[in-house]
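Here's a short set of exercises to work through with the model open in your viewer. Try each task before you read its solution.

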Amino acid sequence: MFASLHSYLAYAASVGIIHEFHKLLFPAFLMAGAGGMAHMMKFTQEQISKAKMKPQDDGTDSKGDFLSRMMKMHNENPEKFTDRDMFMTAITNIGAGMVHA
């Protein structure tokens, strides 16, 4: 997983400093092979899909893992916390966790 994230994090750091470069650099990033980003996106979607298949708890365990708590938020109000919101939150959390690992 660490190797897959390297190119994604390098790109994010570059465009995070000067966001105007994103429109210029993103096509080149994709052409160079965004394997790390593709792997991370696939992994994230797989984990969300697995979480959706699991029976949900009754909410009494407030110390659930991050994905369980996120699923609870989505199930309580799917219009407010959409599938896209879940994906973006999870993928950002993975990236943030890898930076601090």
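Helices (H or I, at least four residues) and strands (E, at least two) are taken as DSSP runs and numbered from the N terminus. This is a predicted model, where local features need pLDDT of at least 70, side-chain atom pairs count only at pLDDT 80 or more, and totals for chains, interfaces and linings use all residues. Residues are numbered from 1 along each chain as its sequence is written, and side-chain values use heavy atoms, with hydrogens and water left out.

**Exercise 1. The overall picture**

Work out how many helices and strands the protein chain has, and what share of its residues is buried.

Solution.
- Start with the elements: the protein chain has 5 helices and 0 strands, running α-α-α-α-α from the N terminus on.
- Next, burial. Buried means under 20% relative accessible area, exposed over 50%, and partly exposed in between (1.4 Å probe, protein chains only). Of the 101 residues, 26% count as buried.
- Then the surface: about 7,200 Å² is exposed, and carbon and sulfur atoms supply 63% of it. Those areas come from the Shrake-Rupley method with a 1.4 Å probe; for residues, only the protein chains shown count as cover.
- Finally, contacts, meaning heavy atoms within 4.5 Å. Take the contacts between residues at least 6 apart in sequence: 50% of them join residues at least 24 apart.

**Exercise 2. Salt bridges inside a helix**

Find the salt-bridge partners of Lys 42 and Glu 76, and say how each pair is placed in its helix.

Solution.
- Set the criterion: a salt bridge is a side-chain nitrogen of Lys or Arg within 4 Å of a carboxyl oxygen of Asp or Glu. Searching the whole structure turns up 3 of them.
- Lys 42 pairs with Glu 46, with 3.5 Å between the closest N and O atoms. Both sit in helix 3 (residues 35–53), 4 residues apart, which is about one turn of the helix.
- Check their exposure: Lys 42 counts as exposed because its relative accessibility is 54%, whereas Glu 46, at 34%, is partly exposed.
- Glu 76 pairs with Lys 72 at 2.7 Å, N to O. These two belong to helix 4 (residues 66–76), again 4 residues apart, or about one turn of the helix.
- Glu 76 has 56% relative accessibility, so it counts as exposed; Lys 72 reaches 36% and is partly exposed.

**Exercise 3. A salt bridge across the chain**

Which residue meets Asp 83 in a salt bridge, and which helices does the pair link?

Solution.
- The partner is Lys 52, with 2.8 Å from N to O.
- This pair links distant parts of the chain: Asp 83 belongs to helix 5 (residues 83–99) and Lys 52 to helix 3, 31 residues apart.
- As for exposure, Asp 83 is partly exposed at 42%, and so is Lys 52 at 39%.

**Exercise 4. Two residues to classify**

Are His 74 and Thr 44 buried or exposed, and what does each one touch beyond its sequence neighbours?

Solution.
- His 74 lies in helix 4 and is buried, because its relative accessible area is 10%.
- Leaving out neighbours within four places in sequence, His 74 contacts Phe 81, Thr 82, Asp 83 and Met 86. Asp 83 is also the salt-bridge partner of Lys 52.
- Thr 44 is in helix 3; with a relative accessible area of 1%, Thr 44 is buried.
- Not counting residues up to four places away in sequence, Thr 44 touches Phe 87, Ala 90, Ile 91 and Ile 94.
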